[in-house]
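Q: I am new to this structure and would like a close look at one part of it. Please take the strands that pair with each other, and follow what their residues touch and join.

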Amino acid sequence: LRSSEVAELRLDDIHWRLGTLRVRQGKVRRDLLLPLVEPVASAIVAYLRDGRPTTAAREVFRKCTAPAGSISWTVVYEVVRKALGSAGIEAKHWGPHMFRHARATSLLQRGVPLKTIGDLLGHRVPEATSIYCKLAVEDLRVVALDIPEAAARPAEVPAPVPVPAPAPAAAERPVRRDIVLRPYAAAEEAR
């Protein structure tokens, strides 16, 4: 999930009996229905029982310190950053988005189609998904094709064959080659 999607999650979005979680994707303006897997359900239940402040508000995650209210995406970012630091995890880019990258890559390594990964991430176009799917060099070596020895040798490149210029049509005027258009020349001289 995007950090904003976590921050905006509401109690009405959790369907306990169906085992689903509705995610309101503000970036692409549509809802995504995800399975509510057991570890996530257990963590949410523990938070609702033991960590969430008592309130009638419908947002799942609330601030525990003053001022009371909803959390923002920046709170999600800081919680993840601190947890990664406490766990001793070093990464080039820290934050919740790294989980999206990691999940997309692991799914791709397991052979899940790019379209399915894009649907899970809530992408509308395949190009958006391909950014997340970074493979390790070893993974690429596994799927690389062997090159036969004959194909591995450089081939002789034949000399280019000159192509005669077509004769000008009778109705065409000859092109003047002594005139060079420079659209920025006047602007450069004015400086």
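A: **The paired strands and their surroundings**

His 15 stands opposite Thr 20, a residue of strand E2. The model in view is a predicted one. His 15 belongs to strand E1, which covers residues 14-15, while E2 covers residues 20-25. The two strands pair in the antiparallel sense, over 2 bridges. Together E1 and E2 make a hairpin, with 4 residues between them. Gly 19 sits in the turn of this hairpin and has a positive phi of about 70 degrees.

E2 also has a partner in strand E3, residues 30-35. These strands run antiparallel, joined by 6 bridges. One of the facing pairs consists of Arg 24 and Asp 31, with Asp 31 in E3 as the bridge partner.

Next come the charged side chains. Arg 24 forms a salt bridge with Asp 13, at 3.0 Å from N to O. Because Arg 24 lies in E2 and Asp 13 in the loop between helix H1 (3-7) and E1, this pair ties together parts that are 11 residues apart in sequence. Asp 13 has a second partner in Arg 22, and here the closest N and O atoms are 2.8 Å apart. Asp 13 is buried, with a relative accessible area of 1%. Arg 22 is partly exposed at 24% relative accessibility, and Arg 24 is partly exposed at 35%.

The structure holds 8 salt bridges, and some involve residues outside these strands. Arg 10, Glu 59 and Arg 62 are linked in a salt-bridge network. Another salt bridge joins the side chains of Glu 78 and Arg 81, at 2.9 Å from N to O. Both of these residues lie in helix H3 (residues 73-86), where they are 3 residues apart, about one turn of the helix. Glu 78 counts as partly exposed, with a relative accessibility of 32%, and Arg 81 counts as partly exposed at 32%.

The strands also take part in nonpolar packing. In a regular strand, side chains alternate between the two faces of the sheet. The largest nonpolar core has 11 residues, among them Ile 14, Leu 21, Val 23, Leu 32 and Leu 34. E2, E3 and helix H2 (38-50) each supply at least two residues of this core. H2 gives the most, with 3 residues. Other members of the core include Leu 9, Leu 36 and Val 60.

Ile 14 shows how the parts meet. Leaving aside residues up to four places away in sequence, Ile 14 touches Thr 20, Leu 21, Leu 36, Ile 44 and Val 60. Thr 20 is the residue that stands opposite His 15, and Leu 21, Leu 36, Ile 44 and Val 60 are listed with Ile 14 in the largest nonpolar core.

The last feature is open space. The largest pocket has a volume of about 1100 Å³. Its lining has 31 residues, and those nearest its centre are Leu 1, Val 6, Leu 9, Leu 21 and Val 40. Two or more lining residues come from each of H1, E2, E3, H2, H3, helix H4 (97-109) and helix H5 (114-121). Leu 21 therefore appears in several settings: Leu 21 is in contact with Ile 14, belongs to the largest nonpolar core, and lies among the residues nearest the centre of the largest pocket.

Note on methods:
Residues numbered from 1 in each chain as written. Predicted model: local features only at pLDDT ≥ 70, side-chain atom pairs only at ≥ 80, totals over all residues. Heavy atoms only, no water. Pairing = 2+ DSSP bridges. Salt bridge = Lys/Arg side-chain N within 4 Å of Asp/Glu carboxyl O. Buried < 20%, exposed > 50% of the residue type's maximum accessible area, 1.4 Å probe, protein only. Core = buried A, V, L, I, M, F, W, Y, C linked by side-chain atoms within 4.5 Å. Contact = heavy atoms within 4.5 Å. 1 Å grid on protein atoms, 1.4 Å probe; cavity = no way out; pocket = protein on both sides within 12 Å on 5 of 7 lines; lining within 4 Å. Points joined across faces, edges and corners; volume = space filled by probe spheres on them.
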